[in-house]
Amino acid sequence: MQYNGKSQQSINKYNCIIEKNQSNSIINKFQVVSPYDDYDDRLNFLETIEKNSGIYNVLCDLFLPNGYPDSVTTDYFGYQFWDSIQALCSTITGTLATRAILKGYGVGDSSATVASATTQWLIRDGMGMIGRIVFAWRKGTDLDCNSKKWRYSADILNNIGMAFEMISPLFSQQLFLPLSCIGLIAKSICGVAGGCTKASLTQHFAKRDNLADVSAKDGSQETAVNLVGMLLSVVVSSFITDNTSLIVTWLVFLFFTLLHLFCNYRAVSAVQLKSINRYRAYLIYDYFIHNQGSIPSPLEISKLENILFGIKELDIRVGVSLCNIYKVQQKQQKLNNQFLQQKLNNITKNKNVNNININNINNNRINNNNNNNNNNNNPNKNDNINNNNINNNNINNNNNNNNNNNNNNNNNNNNNNNNNNLEIIKKIKKSKSFIIWKKHSQRGNKILEKDFTLLIALLNGSTTRDMIESYFYAVEYFHLSSVQIPPTINISGTFFKRLEEKGWDLDRSLLNSEGWTFGI
């Protein structure tokens with residue numbers, strides 16, 4: 001075949017195109033043929049390659065987010081694997097707890113009434129609702145800041161609640177309702193904590209702004225696991241009947257409860273959160289100063305995290321109102337004025353005492369002179385009068401010493417009282433976006449550690465990055481104030497750039513700010 005006098009072989013350009021779906025499971029190969037120029041391409045289909053079987057691809061489409069594994073973070077599979085096993089264990093223990101509750105309601109007891117069971121059911125539900133409301137009010141903001149901790153704590157509360165439900169039928173009817181209510185309250189708190197923290201973790205896993213897809217597929221996985229758990233629960237219930245020993249029932253319950261806690265711990269430990277909260281900020285700084293200024297990655301910090309029992313949080317308040325600063329300054333000024341007034345009063349009092357002492361001394365001298373004149377006229381009374389004069393002088397001297405000691409004691413007591421109550425606040429760092437104040441109580445030159453607080457005020461327009469920077473500077477100041485030998489490495493401007501290079505997210509703050517900002 002000829003094209004404008006030239007053979008096809010001389011002008012054809014052969015290029016190979018390979019396309020693949022988001023999960024890399026299907027690959028298509030094409031050949032591009034350009035008979036004339038680059039603007040007139042032709043495609044020749046070569047072959048289709050499927051890496052996995054059709055059933056596997058269907059299961060992936062059903063239960064995994066679209067584009068897995070590239071559409072989620074690397075820790076997604078580890079978390080979901082252990083989370084599925086713990087959900088399976090929870091379904092089995094929940095079946096045993098439900099069986100115990102139904103027995104407590106009177107199922108199988110001819111003397112039990114429907115009205116009594118309904119009343120108890122409504123009371124339990126009402127207590128659970130109150131528990132959810134109170135818990136969300138008290139711990140709502142902390143759930144997002146410490147999602148790993150509360151995710152694991154939620155399942156501990158769930159197991160505690162089911163344990164109370166298991167033991168409630170073993171007691172009298174009067175104790176059944178209170179015990180079962182405690183169990184339902186614990187499970188209700190688990191529902192709030194577990195649901196909120198799951199949303200936070202899902203946001204972390206969604207790598208391509210596919211939060212809805214990741215959440216939907218997580219729901220599909222949970223539903224499938226619950227179906228399998230129901231089948232296993234039927235099998236377990238067929239072996240555990242009313243004639244089964246109580247010890248055997250509790251052994252089965254304890255086995256699946258412990259397995260549930262273990263799987264939960266493995267699931268939460270697998271998560272490598274990139275957001276910075278107070279606990280992770282402390283771990284990052286501690287790693288930084290003990291490893292010659294090297295920055296840890298989220299994976300390294302996840303291995304150092306103590307999920308349930310973290311360190312005691314430093315007394316650092318972020319986003320405080322300037323009213324807090326003003327009140328402390330006013331109190332400090334008031335105490336200083338009181339101290340100066342007490343000092344002035346003591347000086348005036350000491351002057352009066354000294355004047356009285358001088359007058360007493362002068363009077364004694366006059367008396368002594370008069371007595372000496374009389375003694376010269378009457379030698380027989382000399383000894384007695386001299387003794388009396390000596391005694392009077394000694395008494396006056398003792399009185400003067402006592403007055404001086406009392407004045408000194410009063411001065412010392414006033415100083416001690418003032419030092420005990422004195423609150424001092426001073427500015428320790430200022431930048432374009434934040435100001436850090438230090439507030440503490442002081443006794444003499446010694447700072448009382450229990451009252452040591454850092455207050456961070458944020459400027460209007462400050463970003464989450466500014467908030468994180470201010471918190472790290474506050475952590476550094478806390479450390480420098482508490483150690484005898486300061487570290488040789490300090491936080492600099494490149495510290496935060498290196499944090500981003502290691503994968504930390506500085507655009508999301510979990511420092512539990514009080515929400516105040518100020519403008520100039």
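Which elements each supply at least two residues of the lining of the largest pocket? The answer is α3, α5, α6 and α7, with helices (H or I, at least four residues) taken as DSSP runs and numbered from the N terminus. The model behind this is predicted, so to speak of local features takes a pLDDT of at least 70 and side-chain atom pairs count only at pLDDT 80 or more, while totals for chains, interfaces and linings use all residues. Residues are numbered from 1 along each chain as its sequence is written, and side-chain values use heavy atoms, with hydrogens and water left out.

A pocket here is an open set of points on a 1 Å grid over the protein atoms alone, with protein on both sides within 12 Å along at least five of seven lines; lining residues have an atom within 4 Å of a point. Volume is the space filled by probe spheres set on the points, which are joined across faces, edges and corners. The largest pocket comes out at about 540 Å³. Its lining takes in 27 residues, and S90, D155, N158, C190 and E222 lie nearest the centre. Helix α3 hands over the largest share, ten residues. By class, the lining has 15 polar, seven charged and five nonpolar residues (nonpolar: Ala, Val, Leu, Ile, Met, Phe, Trp, Tyr, Cys and Pro; charged: Asp, Glu, Lys and Arg; polar: the others, Gly among them).

The second largest pocket holds about 400 Å³. Of its 17 lining residues, R99, A100, K103, D242 and L246 are the closest to its centre. Two or more lining residues come from each of α3 and α8, and α3 again has the largest share, this time five.

As for cavities (sets of points where a 1.4 Å probe fits but cannot get out), the whole structure has one of 30 Å³ or more. It contains about 60 Å³ of space, and its lining is made up of Y76, Y79, Q80, K198, L201, T202, F205, V214 and D218. Helix α6 gives the most, four residues.

Helix α8 (residues 246-270) has 25 residues and should span 36 Å at 1.5 Å a residue, which agrees with the 36 Å between its end C-alpha atoms; the expected span is 1.5 Å times one less than the number of residues. Among its buried residues (under 20% relative accessible area, 1.4 Å probe, protein chains only) are W250, F253, F256 and H260. The buried set packs against α3 and α5. At the N-terminal end, S245 acts as a cap, with a side-chain oxygen 3.3 Å from the backbone nitrogen of I247.

Conventions. Buried means under 20% relative accessible area, exposed over 50%, partly exposed in between (1.4 Å probe, protein chains only). Contact means heavy atoms within 4.5 Å. A polar contact is a pair of N or O atoms within 3.5 Å; within protein, one must be able to donate a hydrogen and the other to accept it, and residues adjacent in sequence count only if both atoms are side-chain atoms.
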